[in-house]
Amino acid sequence: MLITHNPHRPLEVKLTIPVRTYDIDFAGIVSNIVYIRWLEDLRLKCLDEYLPLGQLIEQGYTPILAGTEIEYKRPIKLGDKVEGRLWIHNLGRLKLTLQAEIFSNNNLAAVAIQKGAFVNFQTGRPIPIPPKLQQKYLADQQVSSSI
């Protein structure tokens, strides 16, 4: 898995994540599948801030995932303080790549890459990245290059 360590993270969102008793597996650590749910929570937060899902649906399209890769660095346990961070790593004409980090007690616990796109709700066919998201991404890129 290739994770870039670019200090600029376009459209980054952060989320404090509670560890619930039902997140824990028989070994006493957070189950691997829970990370997928946490990534979904981070993506929804990103959409809430930059491209609300309700607006997308009204316009007849929705985001989809084409793939997820996670590299687990250290276990997370009940009572740990967890924070997730997600940003847009790359935005093409039809596809986007998201990167995420999950920290436990300020230590990197997992890194993830997700690839996705937007599709027309009725046809299920890919559509170009919504202009509103393109504009916000490009504006964020211009701000970072001027710093």
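Which residue in β4 does Leu86 stand opposite? I looked this up first and found Ala100. I keep in mind that this is a predicted model.

**Entry: strands**

I followed β3 and β4 along their pairing. Nine bridges join the two strands, and they run antiparallel. I then checked the link between them. β3 and β4 make a hairpin, with three residues in between.

I turned to the partner of β1 next. β1 and β3 are antiparallel as well, joined by five bridges. On this side I noted Ile17, which has Val82 of β3 opposite. So β3 is bridged to β1 and to β4 by DSSP pairing, where a pair needs at least two bridges.

**Entry: Arg9**

I went to the segment before β1 (13–17), where Arg9 lies. Is Arg9 buried or exposed? Arg9 has a relative accessible area of 19%. The cut-off for buried is under 20%, so Arg9 counts as buried. I listed its contacts, leaving out residues up to four places away in sequence. Arg9 touches Arg85, Trp87 and Glu101.

**Entry: nonpolar cores**

I looked for the largest nonpolar core and found 22 residues in it. Which of them touch the most other members? They are Leu86, Ile88, Leu91, Phe118 and Leu133. At least two residues each come from α1, β3, β4, β5 and α3 (131–146). α1 supplies the largest share, five residues. Leu86 thus appears twice in my notes: in this core and opposite Ala100.

I picked Ile88 for a closer look. I set aside its neighbours within four places in sequence. Ile88 is then in contact with Pro10, Leu11, Thr97, Leu98, Leu133 and Tyr137. Leu133 is also on the list of core members with the most contacts to other members.

There is a second, separate core of 11 residues. Val19, Val30, Tyr35 and Ala110 are among them. A general point for the margin: nonpolar side chains tend to be buried together in soluble globular proteins.

**Entry: largest pocket**

I asked how much space the largest pocket holds. The value is about 270 Å³. The pocket is lined by 18 residues, and Arg43, Leu47, Pro63, Leu98 and Phe118 are the closest to its centre. Phe118 is on my core list too, and Leu98 is a contact of Ile88.

Which elements supply the lining? α1 (32–50), β2 (61–72), β3 (82–91), β4 (95–104) and β5 (107–120) give at least two residues each. α1 gives the most, with six. By type, the lining has 15 nonpolar residues, one polar and two charged.

How values were computed
Residues are numbered from 1 along each chain as its sequence is written. This is a predicted model: local features need pLDDT of at least 70, side-chain atom pairs count only at pLDDT 80 or more; totals for chains, interfaces and linings use all residues. Side-chain values use heavy atoms; hydrogens and water are left out. On a 1 Å grid over the protein atoms alone, a cavity is a set of points where a 1.4 Å probe fits but cannot get out, and a pocket is an open set with protein on both sides within 12 Å along at least five of seven lines; lining residues have an atom within 4 Å of a point. Grid points are joined across faces, edges and corners, and a volume is the space filled by probe spheres set on the points. Helices (H or I, at least four residues) and strands (E, at least two) are DSSP runs, numbered from the N terminus. Ala, Val, Leu, Ile, Met, Phe, Trp, Tyr, Cys and Pro count as nonpolar, Asp, Glu, Lys and Arg as charged, and the others, Gly among them, as polar. Buried means under 20% relative accessible area, exposed over 50%, partly exposed in between (1.4 Å probe, protein chains only). Contact means heavy atoms within 4.5 Å. A nonpolar core is a set of buried Ala, Val, Leu, Ile, Met, Phe, Trp, Tyr and Cys residues joined through side-chain atoms within 4.5 Å.
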